[in-house]
Amino acid sequence: MINGSRLSLVGVEPEPGLFQVTTSATDVKQMPMALLPSLALGEHQRTNLPVVVHNLPGVTEIDGLLGMDFLAGLHISIRMRHGILTLGEDSDTL
């Protein structure tokens with residue numbers, strides 16, 4: 001998911017007629033979709049990544065949320081006390 005204002009900053013617009021039905025704790029909505037040509041986090045990159053375009057209500061500091069389309073195939077380690085997220089390829093050891 002990507003914040004709509006961040007999407008326009010990288011020169012990408014929602015795809016006309018392309019939507020994803022999403023369910024939250026209180027609602028079911030049809031959200032616009034966009035296709036990001038490339039998204040990288042450190043050395044991990046995905047191309048032609050479909051994303052839901054949505055602004056989280058009341059939250060302006062979040063650019064987006066990484067989902068399984070990006071994270072699939074990665075080992076993920078979260079050290080909450082230290083605020084550290086480590087991503088590694090399947091063959092990497094964390």
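This passage walks through the pockets, the cavity, the salt bridge and a surface patch of a predicted model.

A good place to start is the largest pocket, which holds about 420 Å³ of space. Its lining is made up of 21 residues, and the closest to the pocket centre are Met1, Ile2, Leu36, Leu39 and Val51. Three elements, E2, E3 and H2, each supply at least two residues of this lining. Sorted by class, the lining of the largest pocket counts 15 nonpolar, 3 polar and 3 charged residues.

The second largest pocket comes next, with about 190 Å³ of space. Here 13 residues form the lining, and Thr22, Ser24, Lys29, Met31 and His54 are the closest to the centre. Strand E1 (19-23) and E2 are the elements that give two or more residues to this lining. Of these, E2 gives the most, with 3 residues. The lining of the second largest pocket divides into 6 nonpolar, 5 polar and 2 charged residues.

Enclosed space can be described in a similar way. The structure holds 1 cavity of 30 Å³ or more, and about 30 Å³ of space lies in the largest cavity. Met1, Ile2, Asn3, His54, Asn55, Leu56, Ile62, Asp63 and Gly64 form its lining. By class, these residues comprise 4 nonpolar, 4 polar and 1 charged. Met1 and Ile2 thus appear in the lining of the cavity and also among the residues closest to the centre of the largest pocket. Likewise, His54 lines the cavity and is one of the residues closest to the centre of the second largest pocket.

Asp63, part of the cavity lining, also takes part in a salt bridge. A search of the whole structure finds 1 such contact, and in it the side chains of Arg6 and Asp63 meet at 2.4 Å, N to O. Arg6 lies in helix H1 (residues 4-9) and Asp63 in the loop between strand E3 (44-52) and helix H2 (68-71), so the pair ties together parts that are 57 residues apart in sequence. Both partners are partly exposed: Arg6 has a relative accessible area of 29%, and Asp63 has one of 42%.

Two further features complete the picture. Strand E2 (residues 28-41) includes Met33, which is buried because its relative accessible area, 8%, is under 20%. From Met33 to Thr47 the separation is 14 residues in sequence and 15 Å in space, C-alpha to C-alpha. At the surface, Ile76, Ile78, Met80 and Leu85 make a nonpolar patch of about 440 Å². Of these residues, Leu85 is found in strand E5 (residues 84-89).

Terms used. Residues are numbered from 1 along each chain as its sequence is written. This is a predicted model: local features need pLDDT of at least 70, side-chain atom pairs count only at pLDDT 80 or more; totals for chains, interfaces and linings use all residues. Side-chain values use heavy atoms; hydrogens and water are left out. On a 1 Å grid over the protein atoms alone, a cavity is a set of points where a 1.4 Å probe fits but cannot get out, and a pocket is an open set with protein on both sides within 12 Å along at least five of seven lines; lining residues have an atom within 4 Å of a point. Grid points are joined across faces, edges and corners, and a volume is the space filled by probe spheres set on the points. Ala, Val, Leu, Ile, Met, Phe, Trp, Tyr, Cys and Pro count as nonpolar, Asp, Glu, Lys and Arg as charged, and the others, Gly among them, as polar. Patches are made of residues with over 30% relative accessible area and no salt bridge: like charges are joined within 9 Å, nonpolar side chains (Val, Leu, Ile, Met, Phe, Trp, Tyr) within 5 Å. Accessible areas come from the Shrake-Rupley method with a 1.4 Å probe; for residues, only the protein chains shown count as cover. A salt bridge is a side-chain nitrogen of Lys or Arg within 4 Å of a carboxyl oxygen of Asp or Glu. Helices (H or I, at least four residues) and strands (E, at least two) are DSSP runs, numbered from the N terminus. Buried means under 20% relative accessible area, exposed over 50%, partly exposed in between (1.4 Å probe, protein chains only).
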